Amino acid sequence: MERPTPTLDYRKKNKKRGGTSLWQDAFRRFIRNKYAILGLVILTFMVLFAFIGPYFSPHQDVPDVTKANQPPSNEHWLGTDNLGRDVLLRLMLAGRISLTIGIAATLILLLIGVTLGSISGYYGGWLDVIIMRIADIIYAMPGLPILIVMGAIMSDLKIPPAHRIYYVMFILGIISWVGVARLVRSQILSLKEQEFMLATEVLGLKDSKKIIKHLFPNVLPTVIVAGTLGVASSIISESTLSFLGLGVVPPTPSWGYMLSAANNMIDFAKRPWLWIPPGVAIMLTVVAINFIGDALRDAFDPRQKI
Amino acid sequence: MAQFIVRRLLQSIPTLIGASIIIFLIFALAPGDYVTRQFENPKMTPERMEQLRALYGLDKPLPERYVSWAGNMLRGEMGDSLMFKKPVISVINDFIWNSFLLGVAIMFFEWLIASIIGIYSAIRQYSVFDAIATLIIFMLYSLPSFFLGLLLLKIFAVDLRWFPVGGMITTGSNYTGWAHIMDVAKHMVLPVATLTLISVGGLSRYFRTNMLEVIKQDYIRTARAKGLKERTVIFKHALRNALLPLITLFTLEIPSLFAGAMITERIYNWPGIGKVVLQAIYVRDYPLFLGYTMLITVLTILANILADVLYGIADPRVRLK
Amino acid sequence: MAKNLVEFRNLKTFFYTEEGVVKAVNDVSFSIREGETVCVVGESGCGKSVTALSLMRLIQSPPGKIVGGEIIFDGRDILKLSDAEMRRIRGNEIGMIFQEPMTSLNPVLTIGEQIMEPLMVHKLMTKKEAWNKAIELIKQVGIPRAEQIMTSYPHELSGGMRQRIMIAIALSCDPKLLIADEPTTALDVTIQAQILDLLRKIKQERNMALMLITHDLGIVAEIADYVVVMYAGKVIEEAPVRELFKNSKHPYTRGLLKAKPIIGQRQERLYTIPGQVPNPIGLGDYCYFSDRCEYAMDICHQKIPQLISDENGHKVACWLYEGEWKK
Amino acid sequence: MLRKKWLPLLVVLVFTLSVVLSACSKPQETQPSEQSKQEQTTPTASVQDNDSWTKAKDPSKIPEASKSRTDTLIIGLHEPAGTFNPLFYETVYDAYVLSAIFDGLIEVDLDGTYIPGLAEKWDLDKDNNTVTFHLRKGVQFSDGTPLTAYDVEFSYYVVADPTYDGPYDLAPAGIVGFKEYQEGNADKIEGIKVLDDYTIQIQLEKLMGTTLSDLSITVIPKHYYGKDFKKGNLDGVKALVQKPLGSGPYVFDKFVPGQEVRLVANENYWKGAPKIKNLIFKTTTDETAVQALQAGETDYETSSITANKDNVELLESLGFVDYALLPTNGYGYIAFNFYQPKFQDVRVRQALTYGLNRKAIVDAVYQGLAEVRNVPQSKVSWSYPPEDEINPYNYDPEKAKQLLEEAGWKLGPDGYRYKNGEKFTIHFLQSTPNAVNDALVPIAVENYKQLGIEFIAEPMEFNLIVEKINKAKEKTFDMYFMAWGLTPEPDPYNIFHSKGSQNRNGYSNPKVDELIVKAREELDMNKRKELYRELYKALNEDLPYIFMYQRNDLNAKNMRVVGFQISSFRDFTYSLYQAELLQY
């Protein structure tokens with residue numbers, strides 16, 4: 001019997017199985033994860049709320065003591081604060097600061113932490129010793145005095161108060177990379193022993209390629225968790241920084257600052273509209289970033305074949 | 001192993017010196033000193049201030065002050081606190097154990113609850129429990145400690161009167177033995193609850209991620225193929241591996257046991273070292289602050305050595321070079 | 001012949017993924033007799049491992065689920081058993097070893113501890129008895145310095161030694177059936193031979209049934225009593241080993257046999273079966289091999305062939321041997 | 001140390017127990033039981049509260065916890081330091097505790113004038129510039145040793161010691177021989193002479209109106225603190241910091257660091273034995289002070305509660321709390337940096353005062369419980385000038401613009417004012433955290449923008465601001481907000497005189513200088529009153545500061561505690577010996 005020619009549909013059916021890189025695969029899985037979508041929706045809403053919202057507000061962020069401490073009304077949807085300013089408008093303006101800080105500080109934190117962590121974990125030897133000892137010193141360093149000194153230096157250098165917030169993000173990153181670095185290092189220490197790393201050795205890959213292509217995806221889950229937690233803590237620590245004159249310059253608000261304004265029993269009981277909105281805003285952002293983080297981690301896990 | 005520890009201890013000496021120099025410099029650079037705090041006292045004339053600065057030795061050049069301070073430190077002599085007018089060591093001793101007590105309780109509950117939530121939400125990934133737990137955790141995680149502290153205080157101490165408003169012992173009481181412990185425990189409930197709720201979130205996320213990683217491994221399938229109970233598979237085989245990276249986190253927390261939670265101690269009036277050091281920073285009480293920070297630095301270095309040693313023991317693959 | 005130890009009856013195990021339902025094991029039936037070595041052969045992705053995992057009820061759900069059929073083991077239907085009863089069988093009456101020895105042992109527990117575990121759980125041995133039994137087992141699987149191995153960790157052993165340890169663990173409770181899911185694929189040839197000798201020696205000593213999953217026909221020839229060939233989730237041919245090698249019927253099996261290099265026979269290019277295994281999702285009512293089959297006829301594209309047996313029990317699912325088409 | 005080792009572990013276990021126990025156990029306090037059937041007697045006390053108190057009316061609301069305390073009074077304070085020596089203390093907490101343990105030579109009456117304390121009477125001899133104190137006889141320290149002039153002399157010698165680093169400063173008093181003792185090698189102060197056991201005479205270079213307040217000192221026992229005392233060695237005195245011994249109404253019992261100080265009544269107190277046996281000073285915080293009173297954990301709260309409408313309404317709602325609103329001894333102000341040329345012109349200073357809505361700021365923070373001030377003195381002080389003679393500078397943007405125009409600051413195209421090319425910007429040092437600044441900055445930004453002035457606030461930590469103020473000459477700032485504390489002695493030499501030690505921003509006005517010196521040297525009260533009236537009018541006119549406000553101090557107490565006669569000048573510690581606990 002002569003050989004029948006393979007039918008056309010055969011080729012069509014198998015095309016889809018073409019090779020897809022980890023990133024494309026991850027993206028496809030990421031989009032399909034319903035938590036990721038929820039996270040993205042909330043985050044985009046918060047970003048729009050913060051950056052576009054103020055243009056729609058009828059009010060100006062101007063103190064007017066006659067309208068102080070009014071509960072939510074249809075004129076002021078979230079009521080007014082002790083200087084008579086519209087809480088909703090301030091919440092939006094505050095979003096701009098808090099979101100930028102939260103995300104920027106965390107990126108810096110991760111960048112430094114992961115690079116140093118993987119270098120010291122991978123190379124070991126004297127390099128590891130130096131990096132880890134520096135980490136010890138920074139970790140033991142009391143945060144508060146450093147920030148006070150930073151405040152002093154910045155005012156001596158005549159840095160305009162409004163720009164300080166960006167320097168602050170950098171400082172936040174510099175101070176808090178130690179935790180991530182140690183976590184990444186300890187993971188790399190055990191990963192280094194695994195067979196697939198011996199394989200990369202055999203292939204003669206450059207060290208940087210080994211770290212980025214092979215080790216990094218395995219460390220990604222921890223890094224993502226540290227990232228999501230980093231955003232939350234940066235947003236909150238920004239409020240303590242404002243106290244030290246490093247954070248937000250009044251009258252521009254930030255979520256942390258609005259929350260700290262409600263630090264007495266009476267505001268708790270009598271004026272919940274002062275502290276509930278910023279609290280909810282921070283929580284929504286943090287939860288959204290966490291869902292995205294979770295989804296990212298699952299998406300990048302090749303074993304997850306679904 | 002011993003050789004490794006000794007080498008690490010030797011390595012920590014330059015770290016200690018480096019840290020002491022940096023800390024001394026930073027705090028000396030901070031504007032103002034103990035005397036400028038008297039700014040508001042109308043009787044304080046500039047000549048008087050200069051006199052006081054000389055008395056406290058604040059007028060000597062920085063290097064000289066550092067050398068005399070470091071010299072004393074080596075002899076274990078931390079000098080007198082300017083604020084309390086008594087030896088730094090006795091000031092620290094008065095307060096640090098209260099912070100330690102709080103720290104131990106917090107750490108105990110934090111790790112207990114975080115592990116349970118973390119593991120359970122890993123096993124039931126994307127289940128209803130996992131979603132609710134995530135939501136609650138991040139609700140708590142996004143609240144600053146002073147905020148949650150005041151909230152709990154209002155509900156449980158003022159409205160329901162289940163727990164005292166603040167302090168460590170009932171005023172005027174001189175209980176001893178068991179009654180004293182019960183009294184202190186009753187006062188600890190709210191501060192511990194505040195800090196545990198805040199910190200449990202982060203830790204449980206790490207537990208969950210590590211567990212998710214480990215559950216997918218082949219040796220878990222082998223364990224199940226051996227016919228072991230699910231509990232054994234999870235808590236013996238999976239947890240042991242998931243705990244490895246957390247050792248680092250655990251040892252990082254040890255120094256904070258002594259550091260004291262400045263804000264929470266202030267709200268609950270807990271006589272911990274945190275509140276005192278916060279005041280020392282503002283008042284620029286150099287001896288007290290420097291003494292305390294060096295103590296924490298030493299603890300951190302020891303904790304880090306412990307971390308690497310523990311890691312070597314727990315993970316046989318990591319050879320202690 | 002001996003009694004049937006394991007009977008798969010119309011087993012269906014599907015995986016529910018976003019892209020659709022993957023019918024990994026699609027209406028599979030065959031049986032394993034006591035003391036017999038059955039080799040399940042097929043390309044990767046044909047459902048042989050899933051069949052074994054279904055027997056051990058180790059299918060991870062979600063996404064996987066056993067949707068139909070029965071698995072009778074030693075007279076009891078595995079699928080009806082409670083978790084607790086199933087646990088008493090796993091590791092005790094059925095042992096299993098896997099393909100990847102490198103990652104199949106727990107990196108943080110000592111070898112001894114991992115061997116003793118099933119002994120203490122199933123045979124309720126004390127630590128002392130379990131320790132001695134473990135040393136004996138290590139010796140049985142041919143690893144020298146057993147005491148020292150007991151206290152060492154998996155990463156200190158080579159791949160071959162780790163597979164031997166896996167075998168020791170699986171055999172610890174004298175199981176009636178040992179499932180070996182491609183035990184030697186990850187090992188080099190010399191170690192492969194040692195492992196197969198070990199399996200054959202153990203099988204004879206203990207009159208234990210062995211279900212060996214492989215894609216290497218060399219191994220099948222060496223160790224199998226009976227062979228089951230699977231393709232895209234279905235059994236397409238099964239027969240005693242000599243019968244299958246001498247006159248294999250199904251075009252796919254013949255293709256497999258032709259593809260195997262034979263020492264001494266000079267060939268410029270090895271024969272390969274054209275095309276690839278079809279995408280498991282959305283497989284319809286037609287012979288799955290029809291796209292790649294030289295002898296594919298219209299019927300092959302329209303209806304799934306059933307498994308029919310000839311006079312000496314040689315079963316095949318192919319329209320070539322059905323009714324009027326018989327050659 | 002060892003005893004504390006096992007404590008943490010045990011406490012942790014018990015702690016879990018207590019969580020479970022207390023969580024499910026019903027709160028012990030039943031609702032306040034119905035008033036017993038017999039008619040509700042309102043017990044009377046021998047000494048009533050003075051009229052500063054707004055009395056509560058509902059004894060049924062008194063919490064059980066406080067009712068059960070029959071012989072103990074608990075006072076809530078914050079910022080504990082525990083330096084219990086009247087010559088070395090630095091925090092308010094320690095000052096209150098010490099005034100219960102020690103007595104001063106001179107006491108301050110309700111209206112701020114000096115009245116006899118340990119010194120029965122004193123003669124001011126203008127001609128040969130001497131002050132002679134005649135001590136009260138029969139006064140004993142709590143260990144029974146009689147208090148004599150030698151103890152007073154000893155107290156002066158401690159404060160005059162070259163190594164003394166406490167808050168007192170005898171230099172301004174100008175005692176003869178003081179400088180030689182301080183710097184030189186004299187081992188005696190010539191000007192201090194003990195005439196007999198109960199009289200001591202101080203020889204001054206020049207007797208002035210302020211001398212009495214400069215010489216006022218708390219007396220510490222020589223036999224107890226002076227054992228191995230000699231010039232230049234105060235260690236003996238400092239070692240007893242934690243074990244004070246005084247002549248006051250209460251005796252030190254126990255100090256639990258960071259939590260409380262326990263005192264017991266001094267039976268042979270010279271004003272009569274106190275009626276309440278135990279006194280405890282307990283640490284409370286701003287956030288929880290009112291709640292501590294509400295829960296009955298404290299009986300008296302003073303420095304922890306901010307005087308604003310919210311707190312007052314809350315205290316009233318409790319029903320069982322008496323509260324007293326007393327004008328604070330101090331005032332808030334915004335200072336100008338006179339080294340900046342633009343502030344040399346009084347019209348600019350007046351314009352900035354007219355142009356700032358000070359009432360809005362004060363109301364935002366204290367909700368009506370603080371008044372705008374235009375002179376650096378408390379309303380209740382004898383030296384406060386008549387209200388109608390002071391310019392109130394009510395908020396009037398138009399007048400402010402007019403003054404700015406006069407001063408030559410013309411409106412530029414961008415809406416800001418310029419004068420010979422320099423834009424009018426105010427660089428404001430904002431200390432954080434500070435409730436007033438949080439309200440002041442936003443309002444100032446708006447108000448001054450309307451005047452065409454750019455107001456830039458730079459938040460920074462308190463110490464950094466002090467550092468910059470000390471270097472005002474470097475012109476790194478224009479204005480800052482702070483507050484001054486006042487003493488019964490009105491003399492503002494240090495602050496407003498050109499050579500005043502605290503006058504760091506370069507303010508100087510010859511007329512003001514002359515008036516200050518004349519007023520502080522005048523001995524006759526009426527003449528001083530007249531001189532200060534003129535001085536304050538001049539300051540009100542010249543505006544060295546934008547005077548902001550005088551707020552109130554809030555004292556709150558459980559109604560079962562009575563006998564407190566207090567004012568801005570005489571705090572609650574002077575009434576401790578006569579206080580009583582009523583049984584409701």
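Buried means under 20% relative accessible area, exposed means over 50%, and partly exposed lies in between. The exercises below use these cut-offs on a predicted model.

**Exercise 1. Classify A:Tyr139 as buried, partly exposed or exposed, and describe its surroundings.**

Step 1. The relative accessible area of A:Tyr139 is 32%. Because this value is neither under 20% nor over 50%, A:Tyr139 counts as partly exposed.

Step 2. Place the residue in its element. A:Tyr139 belongs to helix H6 of chain A, which covers residues 125-140.

Step 3. List the contacts, leaving aside neighbours within four places in sequence. A:Tyr139 touches A:Val178 in its own chain, and B:Leu252 and B:Thr300 in chain B.

Step 4. Check a C-alpha distance. A:Tyr139 and A:Ile175 are 36 residues apart along the chain, and their C-alpha atoms are separated by 7.7 Å.

**Exercise 2. Summarise chain A: how many helices and strands are there, and what share of its residues is buried?**

Step 1. Chain A has 14 helices and 0 strands.

Step 2. Of the 306 residues in chain A, 55% are buried.

Step 3. Take the contacts in chain A with a separation of 6 or more. Residues 24 or more positions apart account for 71% of them.

Step 4. The accessible surface of chain A is about 13,800 Å², and carbon and sulfur atoms hold 71% of that surface.

**Exercise 3. Decide which residues of helix H1 of chain C are buried, and state what follows for the helix.**

Step 1. The buried residues of H1(C) are C:Lys48, C:Val50, C:Thr51, C:Ala52, C:Leu53, C:Ser54 and C:Leu55.

Step 2. H1(C) spans residues 48-55, and 7 of its 8 residues are buried, so the helix is largely enclosed by the rest of the structure.

Step 3. Look past the end of the helix. C:Arg57 follows H1(C) and has a positive phi, near 50°.

**Exercise 4. Describe strand S8 of chain C: how many of its residues are buried, and which strands pair with it?**

Step 1. S8(C) covers residues 209-214, and 6 of the 6 are buried, so the strand is largely enclosed by the rest of the structure.

Step 2. Sort the side chains by direction. C:Ala209, C:Met211 and C:Ile213 point one way, C:Leu210, C:Leu212 and C:Thr214 point the other way, and all are buried.

Step 3. Find the partners. Strand S3 of chain C (residues 37-41) pairs with S8(C) in the parallel sense over 5 bridges, and C:Val40 stands opposite C:Ile213. Strand S7 of chain C (residues 177-181) also pairs with S8(C) in the parallel sense over 5 bridges, with C:Leu178 as the bridge partner of C:Leu210.

Step 4. Trace the connection. From S7(C) the chain passes through helix H8 of chain C (residues 189-206) to S8(C), and this β-α-β crossover is right-handed.

**Exercise 5. Give the strand order of the open sheet of 8 strands in chain D, and name the helices that pack on it.**

Step 1. The order is S1-S13-S23-S12-S2-S11-S10-S9, with mixed pairing.

Step 2. The edge strands of chain D are S1 (53-54) and S9 (250-256), each of which pairs on one side only.

Step 3. Within the sheet, S10 (residues 260-265) and S11 (residues 278-283) of chain D pair in the antiparallel sense over 5 bridges. The bridge partner of D:Arg262 is D:Ile280 in S11(D).

Step 4. Helix H3 of chain D (residues 92-101) packs on the sheet and touches S2 (72-77), S9, S10 and S11 of chain D. The direction of H3 makes about 175° with that of S11(D). Helix H10 of chain D (residues 309-318) packs on the sheet and touches S13 (321-327) and S23 (552-558) of chain D. The direction of H10 makes about 155° with that of S13(D).

**Exercise 6. Test whether the span of helix H4 of chain D agrees with 1.5 Å a residue.**

Step 1. H4(D) has 12 residues, 149-160, and should span 16 Å.

Step 2. The end C-alpha atoms of H4(D) are 17 Å apart, which agrees.

Step 3. Add the burial. H4(D) is mostly covered, with 11 of its 12 residues buried; among them are D:Phe154, D:Tyr156 and D:Tyr157.

**Exercise 7. Locate C:Asn10 and C:Asp174, and give the sign of phi for each.**

Step 1. Most residues other than glycine have a negative phi.

Step 2. C:Asn10 has a positive phi of about 50°. It lies in strand S1 of chain C (residues 4-17) and is partly exposed at 40% relative accessibility.

Step 3. C:Asp174 has a positive phi near 45°. It lies in the loop between helix H7 (159-171) and S7 of chain C and is partly exposed at 46%.

How values were computed: Residues are numbered from 1 along each chain as its sequence is written. Chains are lettered from A and ligands numbered from 1 in the order in which they are written. This is a predicted model: local features need pLDDT of at least 70, side-chain atom pairs count only at pLDDT 80 or more; totals for chains, interfaces and linings use all residues. Side-chain values use heavy atoms; hydrogens and water are left out. Helices (H or I, at least four residues) and strands (E, at least two) are DSSP runs, numbered from the N terminus. Buried means under 20% relative accessible area, exposed over 50%, partly exposed in between (1.4 Å probe, protein chains only). Contact means heavy atoms within 4.5 Å. Two strands pair if DSSP finds at least two bridges between them. A crossover is right-handed if, with the strands pointing away from the viewer, the path from the first strand over the helix to the second runs clockwise. Accessible areas come from the Shrake-Rupley method with a 1.4 Å probe; for residues, only the protein chains shown count as cover. Axes are lines fitted to C-alpha atoms, for helices over the stretch in contact, and angles run from 0 to 180 degrees between N-to-C directions. The expected span of a helix is 1.5 Å times one less than its number of residues.
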